[in-house]
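Trainee: I would like to learn how to read a structure like this one, feature by feature. Could we look at it together, beginning with the empty space inside?

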Amino acid sequence: MLTGNQQFVDLLAGLAPGTAAVNPYRDPGLCNNLNAYMALLSERPGPRILLVGEALGYRGGSQTGIPFSSTRLLRSAPHQFLKALKPRLQLSGNDAEATAAALWQFLKGRRRIPLCWNAYPFHPHRPGEPNSNRGPNARELGLGLEILGQLMTLYRPEAIIAVGNAAGRATGKMAARLPTLQVRHPSYGGRREFLDGMAVAYRRQL
């Protein structure tokens, strides 16, 4: 059984995702970033929220090690939580990522910050095109489900928000006893519905 954040991050770093996916946690700097994020979040009081998306994107979490983030977002630090986190991070580049921007637009001014994760915690891409995104396949989601279970045991969330259908299926299998709400993914014109859904989730669950 995992007993701490560092052990969980070490577990991730040792996994081989396959030929059409990248495990960013092979990079010690990105392991450091994830560990710092989880540690700082664990120190915050209040209910523990788990927010689950689909997978890391090539312009976002695969460059930072932190789900629902980008290097540009973390450099600009538009929330007090990110301002406190920034000095602990190792960042390279200045790319933006739309899903991360949408989430932190919603969180701006809110004290309750979720632990962000994904149904598949690595970066799946089209074969031979590492600078692309694709949806995780069934095998990858199976691996992600095992990791999600370990994360939930470690973090002990009190409520879950699933972003998109892949996340909804994953959390539905893991969280039958927890308050769970699925919201639309902000991509493909869904940003407004995502923000509205997040507002409903916070009102109902928190």
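Mentor: Let us begin with the enclosed space, where the largest cavity has a volume of about 100 Å³. Please keep in mind throughout that this is a predicted model.

Trainee: Which residues line the largest cavity, and how do they divide by class?

Mentor: The lining of the largest cavity is made up of Leu-41, Arg-44, Pro-45, Gly-46, Pro-47, Arg-48, Ile-49, Arg-111, Arg-112, Ile-113 and Tyr-155. By class, this lining has six nonpolar, one polar and four charged residues.

Trainee: How many cavities of 30 Å³ or more does the structure hold?

Mentor: There are two cavities of that size, and the second largest encloses about 30 Å³ of space. Its lining consists of Tyr-37, Ile-66, Pro-67, Phe-68, Ser-69, Leu-74, Leu-82, Trp-104 and Cys-116, which divide into eight nonpolar, one polar and no charged residues.

Trainee: Phe-68 is in that list; what is its phi angle, and what kind of residue is it not?

Mentor: Phe-68 has a positive phi of about 55°, although it is not a glycine. The residue is found in the loop between helix H3 (61–64) and helix H4 (71–76), and it counts as buried because its relative accessibility is 8%. A second case is Ala-77, which has a positive phi of about 45° and is likewise not a glycine. Ala-77 is found in the loop between H4 and H5, and with a relative accessible area of 3% it is buried.

Trainee: Let us turn from enclosed space to open space. What is the volume of the largest pocket, and which residues are closest to its centre?

Mentor: The largest pocket has a volume of about 540 Å³. It is lined by 28 residues, of which Glu-54, Ala-55, Glu-97, Thr-99 and His-185 are the closest to its centre. The elements that give two or more residues to this lining are E2, H6, strand E4 (123–124) and helix H8 (165–174). By class, the lining of the largest pocket has 11 nonpolar, 14 polar and three charged residues.

Trainee: Since E2 contributes to that lining, how should I read this strand, and which strands pair with it?

Mentor: Strand E2 covers residues 49–55 and is mostly covered, with five of its seven residues buried. It pairs in the parallel sense with strand E5 (residues 159–163) over four bridges, and Leu-51 stands opposite Ile-161 in E5. E2 also pairs in the parallel sense with strand E3 (residues 115–120), over five bridges, and there Val-52 stands opposite Trp-117 in E3. Moving on from E5, four bridges join it to E6, and these two strands run parallel, with Ala-162 standing opposite Gln-182 in E6.

Trainee: What should I look for in the side chains along a strand such as E6?

Mentor: The general idea is that in a regular strand the side chains alternate between the two faces of the sheet. Strand E6 (residues 180–183) gives a case of this, for Leu-181 and Val-183 point to one face and are buried, while Thr-180 and Gln-182 point to the other face and are not buried.

Trainee: Now for the aromatic rings: how many aromatic pairs are there, and why is the pair of Phe-81 and Trp-104 called stacked?

Mentor: The count comes to six aromatic pairs. The rings of Phe-81 and Trp-104 have their centres 6.4 Å apart and their planes at 5°, so this pair is stacked. Phe-81 lies in helix H5 (residues 80–85) and Trp-104 in helix H6 (residues 98–107), so to speak of the chain, the pair links distant parts of it, 23 residues apart. Both Phe-81 and Trp-104 are buried.Trainee: Why is the pair of Tyr-120 and Phe-122 edge-to-face?

Mentor: Here the ring centres of Tyr-120 and Phe-122 are 5.5 Å apart and the planes stand at 90°, so the pair is edge-to-face. Tyr-120 counts as buried because its relative accessibility is 0%, and Phe-122 is buried with a relative accessible area of 0%. Together with Tyr-25, Tyr-120 and Phe-122 form one aromatic cluster.

Trainee: Over the faces of which rings does Arg-110 lie?

Mentor: Arg-110 lies over the face of Phe-106, at 3.8 Å from the ring centre, and over the face of Tyr-202, at 5.9 Å from the ring centre.

Notes:
Residues numbered from 1 in each chain as written. Predicted model: local features only at pLDDT ≥ 70, side-chain atom pairs only at ≥ 80, totals over all residues. Heavy atoms only, no water. Buried < 20%, exposed > 50% of the residue type's maximum accessible area, 1.4 Å probe, protein only. Pairing = 2+ DSSP bridges. Phe/Tyr/Trp six-rings, centres within 6.5 Å; stacked < 30°, edge-to-face > 60°. Lys NZ or Arg CZ within 6 Å of the ring centre and 35° of its normal. 1 Å grid on protein atoms, 1.4 Å probe; cavity = no way out; pocket = protein on both sides within 12 Å on 5 of 7 lines; lining within 4 Å. Points joined across faces, edges and corners; volume = space filled by probe spheres on them. Nonpolar A, V, L, I, M, F, W, Y, C, P; charged D, E, K, R; others polar.
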